[in-house]
Amino acid sequence: MAASPGPAGGAAAGAVHGSGPFGLAFDSGLEIKTRSVEQTLLPLVSQITTLINHKDNTKKSDKTLQAIQRVGQAVNLAVGRFVKVGEAIANENWDLKEEINIACIEAKQAGETIAALTDMSSLNRPESDGQITIFTDKTGVIKAARLLLSSVTKVLLLADRVVIKQIIRSRNKVLATMERLEKVNNFQEFVQIFSQFGNEMVEFAHLTGDRQNDLKDEKKKAKMAAARAVLEKCTMMLLTASKTCLRHPNCESAHKNKEGVFDRMKVALDKVIEIVTECKPNGETDISSISIFTGIKEFKMNIETLRENLYFQSKETLSAMLDALLERTEDFTDCAYTSHEHRERILELSAQARMELQQLISVWIEAQRKKTKSIDEELELAILKISHSLNELKKELHSTAVQLAADLVKYHADHVVLKALKLTGVEGNLEGLAEYACKLSEQKERLVETCRLLRHVSGTEPLEITCIHAEETFQVTGQQIISAAETLTLHPSSKIAKENLDVFCEAWESQISDMLTLLREINDVFEGRRGEKYGYLSLPKPMKNNANLKSLKPDKPDSEEQAKIAKLGLKLGLLTSDANCEIEKWEDQENEVVRYGRNMSSMAYSLYLFTRGEGPIKTSQDLIHQLEVFAEEGLKLASSVQAFSKQLKDDDKLLLLLEINKLVPLCHQLQAVTKTPLQNQVFLKVDKSITKTRCIMATLVQLLSLCYKLLKKIQMENNR
């Protein structure tokens, strides 16, 4: 999320470099460090488990002893870093200081115990006969490892409470300043308050951005992204709408326009708090109905249980589920924009599904009475038939929604109505305003209806959230464009009224553009090209660490800098080739390790193209987003490799886990680089990012090669 726009932006952007969370400089990335150390500790603890399970009668080679000692030292160092962060948090939060300090002391003791028990430096000396080590005191290591995990978990939970309190405090400050902005009627006073508001929004953006990155639930992450995108865009709208009101204090449409912005920002702020605290205001529950695709998925899962248990479901439950599911298809059949052919086909497939459920129930009742092979075959056939009908219904619904949306976006791509509204405004043409406001309202209703249909066929929860966000954006922005156009028409010579209308029109055009990406991703999910946990480009991506809310222009380094970046990029391009060669060796191309590796290689290739001034990455912000996703994929790869390591024997497992411990810190370092503000040092940031990406790709090549060899080794042993 960006800071404040306009004149206040500079002050807002600068303010964040002072005191931030926990009283430290915000850009020191305290929360990143906490997360980084946490994720560094976990693989190390996994290695300790490997060491504990090491066979006592196994030959203790020098290589094994050195590996054991390295693990112990690495754990102790990581614990030391973690404790420093924990103590910093404690010193700034007196209400939790005692609890955090106790947990930090326990973690430190555990780390020192593990280091002592894994110290093999003097094991081969004669005087070391009585030395207590991991081989003589496994119980001690187990106790230390448990204490370490327990104390680290305590610190992280307490730190999480601190972050939530910070976000709530930050939101409250923003709300208080917004109230002052709503009431202000003096332009000079407005500028001062808006400057403060910009500072507070930057702080809130940082806190919520880090929180969004930490969320594991994809649905919550998408909701947070949508709420933060609303706040980002509304900050610019708030500036121009408020200035218009101050310039034209007696204009009703200007006040209506401004109130709409404030109301939407307040809803978005509440949504953020709802996500971070995991509780709804006044005990409300989520009443949004499930999509048709989700309903079909759940219904099919229920009928498939009949293969295992004929008494698990009741006939009434299945009938009610199908009725509810087919009732939601009325959103398509009742839609005025659905073609006659699509409507007839949807009704036909719905009737067929009902008929086949009755057939299934009939066979099901028969199967409960007598168990024969022929009845089992009839039941299986009935299950397959209704599943096929529902799959055909899914295809028809998907085709209907996507075709409607694609045609609509294509038809309105030239934004004729918006251009006409701007023209009628500067001409002061009230009759023209009424005509084109009516046309925009019709366009808005059609887009809103289409977004509802797309939500039914989106296929994943994050894309459902994106459809809801798009629907709300069209609904609200459409009304605000009309009120802004009315203000301009009443005051045709007003520069600020014209600027205000432009801002709302830009938001509309941006959302129309985002619809194309959304459609592409819905198609990808439907055709099986995208899984549940892939990144979604259509999810709103608020800009971070940037005072200007408008799109960043492509950055142009000088010739010397370009040459250096190109050289870095060439090495990165060669590494992507190496990674692709390793990936091609794998027979199972759907293996998680291969999938994440392929994603990383593809993103690294885009970065290589960027260094040549080519490819999809056009701006600094595009680059930052790509690097963030790349780092996340690296961490996912590390988790998958760690899961694979559980199949290996002790020495092989240690070897692989040591490689993982190279990848994880590199990914966290790259995340830290992306969060560093630009401050007119774009080249330096690009330089650091590409260098760090190269290191990650080099590690990836090593990991892919090692995983492949170890997998082949397992397969050979299993075939003996």
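Is T693 buried or exposed? Select T693 in the viewer and keep that question in mind for the first stop. The model on screen is a predicted one.

**Stop 1: T693**

T693 sits in helix α22, which covers residues 682-719. With a relative accessible area of 0%, T693 is buried, because any residue under 20% relative accessible area falls in that class. Now show what surrounds T693. Leaving aside neighbours within four places in sequence, the residues in contact with T693 are L572, L607, L627, F630 and L670.

**Stop 2: the whole chain**

Zoom out and colour by secondary structure. The chain has 22 helices and 0 strands. Of its 720 residues, 52% are buried. Among contacts in the chain with a separation of 6 or more, 78% join residues 24 or more positions apart.

**Stop 3: the largest nonpolar core**

Select F197, M265, F299, L360, L454, F474 and I481. These residues have the most contacts inside the largest nonpolar core, which contains 103 residues. Helix α13, residues 373-411, gives the most to this core, with 14 residues. Next, colour residues 182-277 and 292-403 separately. These are domain 2 and domain 3, and both give residues to the core, so the core lies between them.

Stay with one residue of this group, F474. Which residues does F474 touch, not counting those up to four places away in sequence? They are K444, L447, V448, C451, W508, Q511, I512 and M515.

Then select I583, I617, V701 and L706. They are among the 46 residues of another core, which lies apart from the largest one.

**Stop 4: helices α7 and α16**

Show residues 218-247 as helix α7 and residues 461-490 as helix α16. The two axes come within 9 Å and cross at roughly 10°. That angle makes α7 roughly parallel to α16, because angles under 35 degrees count as roughly parallel.

Display the side chains where the two helices meet.

- From α7, the contact uses E218, K219, A222, K223, A226, A229, V230, M237 and T244.
- From α16, the contact uses E461, P462, I465, H469, Q480 and T487.

Sorted by class, this contact of α7 with α16 has 7 nonpolar, 4 polar and 4 charged residues.

**Stop 5: A497**

Move to helix α17, residues 495-526, and select A497, which is found there. A497 is buried, with a relative accessible area of 1%. What does A497 contact, leaving aside neighbours within four places in sequence? The partners are T244, H248, T487 and L488. Two of these names appeared at the previous stop: T244 belongs to the α7 side of the contact with α16, and T487 belongs to the α16 side. Draw a distance from A497 to T487. The pair is 10 residues apart in sequence and 6.6 Å apart in space, C-alpha to C-alpha.

**Stop 6: F187**

Select F187, found in helix α6, residues 187-214. F187 is partly exposed, with a relative accessible area of 44%. Not counting residues up to four places away in sequence, F187 touches K243 and L246. How many residues apart in sequence are F187 and R247? They are 60 residues apart in sequence, and their C-alpha atoms are 8.6 Å apart in space.

**Stop 7: H415**

The last selection is H415, in the loop between α13 and α14, where α14 covers 416-427. Helix α13 was met at Stop 3 as the helix that gives the most residues to the largest nonpolar core. Check the backbone angle of H415: phi is near 55°, a positive value in a residue other than glycine. H415 counts as buried, at 14% relative accessibility.

Notes. Residues are numbered from 1 along each chain as its sequence is written. This is a predicted model: local features need pLDDT of at least 70, side-chain atom pairs count only at pLDDT 80 or more; totals for chains, interfaces and linings use all residues. Side-chain values use heavy atoms; hydrogens and water are left out. A nonpolar core is a set of buried Ala, Val, Leu, Ile, Met, Phe, Trp, Tyr and Cys residues joined through side-chain atoms within 4.5 Å. Buried means under 20% relative accessible area, exposed over 50%, partly exposed in between (1.4 Å probe, protein chains only). Helices (H or I, at least four residues) and strands (E, at least two) are DSSP runs, numbered from the N terminus. Domain bounds come from an automatic or database domain assignment. Contact means heavy atoms within 4.5 Å. Axes are lines fitted to C-alpha atoms, for helices over the stretch in contact, and angles run from 0 to 180 degrees between N-to-C directions. Angles under 35 degrees count as roughly parallel, over 145 as roughly antiparallel, 65 to 115 as roughly perpendicular and the rest as oblique. Ala, Val, Leu, Ile, Met, Phe, Trp, Tyr, Cys and Pro count as nonpolar, Asp, Glu, Lys and Arg as charged, and the others, Gly among them, as polar.
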